[in-house]
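Trainee: Before we look at anything, could you show me how to read a helix, a core and a surface patch from coordinates?

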Amino acid sequence: MTEDMSGTPPHHGSHWYDAEAGPLVRPYAMTGGRTRPVTTTVRFDLIALIDLEEEAFEAAGKETETFGPEHLALVDLCRVETQSVAELAAETDLPVGVVRVLLGDLVELGCVRVSRPVPPAQLPDEKILREVIDGLRAL
């Protein structure tokens with residue numbers, strides 16, 4: 001930020017912020033003042049996996065006012081690959097609470113699907129998998 005000869009910051013028409021000032025749009029403005037997702041059927045914990053439902057997104061996107069730039073940023077990230085809530089928050093540089101609210105909007109429109117990773121206790125035992133591989137090799 002530059003200052004004039006008196007040492008005061010510049011005014012009208014000049015940038016009164018710098019890169020360290022943070023986002024100009026506050027989180028409550030991104031979410032319309034909401035602090036919780038509109039959907040209560042889905043939990044958005046940090047490891048919840050988000051998949052894009054491309055057809056539903058395209059159908060919902062025909063209304064021009066449906067999505068804000070933050071919604072679109074989340075959709076773009078999910079378009080590339082499945083993302084966790086934590087990854088989406090990190091990639092968009094948004095607070096997790098904001099990401100949860102925005103994802104809630106996308107879930108309500110059917111644009112994204114939320115799933116959980118398989119718990120390690122439900123994965124097949126490595127010993128069984130090795131026996132199957134060895135049996136297949138023996139054929």
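The dialogue below takes up a helix, the core, two buried polar residues and a surface patch in turn.

Mentor: Keep in mind throughout that this is a predicted model.

Trainee: What span should helix α5 have, and how far apart are its end C-alpha atoms?

Mentor: The expected span of a helix is 1.5 Å times one less than its number of residues. Helix α5 covers residues 96–108, and because its 13 residues should span 18 Å at that rise, the 18 Å between its end C-alpha atoms agrees with expectation.

Trainee: Which residues of α5 are buried, and what backbone feature is found just after α5?

Mentor: The buried residues of α5 are V98, V99, V101, L102, L103, G104, D105, L106 and V107. Just after the helix, G110 takes a positive phi of about 75°.

Trainee: How should I think about the largest nonpolar core, and which of its members touch the most others?

Mentor: In soluble globular proteins, nonpolar side chains tend to be buried together. Here the largest nonpolar core has 23 residues, among which I50, L74, V85, L88, V99, L103 and L106 touch the most other members. At least two residues of this core come from each of β1 (49–52), α2 (54–60), α3, α4 (85–92) and α5, and the largest share, six residues, is supplied by α5.

Trainee: What is L103 in contact with, once its neighbours within four places in sequence are left aside?

Mentor: With those neighbours set aside, L103 is in contact with F44, I50, L74, V85, L88 and V112.

Trainee: Turning to polar residues, is E70 buried or exposed, and what about Q83?

Mentor: Buried means under 20% relative accessible area. E70, which is found in helix α3 (residues 69–80), has a relative accessible area of 19% and is therefore buried; leaving aside neighbours within four places in sequence, E70 is in contact with M30, L94 and L102. Q83 lies in strand β2 (residues 83–84) and also counts as buried, because its relative accessibility is 8%. Not counting residues up to four places away in sequence, Q83 touches A48, L49, I50, L77, C78 and L88.

Trainee: Which residues form a nonpolar patch on the surface, and is L139 buried or exposed?

Mentor: The nonpolar surface patch is formed by I128, V132, L136 and L139, which together have about 460 Å² of accessible area. L139 is found in the segment after α6 (126–138), and because its relative accessible area is 84%, L139 is exposed.

Conventions:
Residues are numbered from 1 along each chain as its sequence is written. This is a predicted model: local features need pLDDT of at least 70, side-chain atom pairs count only at pLDDT 80 or more; totals for chains, interfaces and linings use all residues. Side-chain values use heavy atoms; hydrogens and water are left out. Patches are made of residues with over 30% relative accessible area and no salt bridge: like charges are joined within 9 Å, nonpolar side chains (Val, Leu, Ile, Met, Phe, Trp, Tyr) within 5 Å. Accessible areas come from the Shrake-Rupley method with a 1.4 Å probe; for residues, only the protein chains shown count as cover. A salt bridge is a side-chain nitrogen of Lys or Arg within 4 Å of a carboxyl oxygen of Asp or Glu. Helices (H or I, at least four residues) and strands (E, at least two) are DSSP runs, numbered from the N terminus. Buried means under 20% relative accessible area, exposed over 50%, partly exposed in between (1.4 Å probe, protein chains only). Contact means heavy atoms within 4.5 Å. A nonpolar core is a set of buried Ala, Val, Leu, Ile, Met, Phe, Trp, Tyr and Cys residues joined through side-chain atoms within 4.5 Å.
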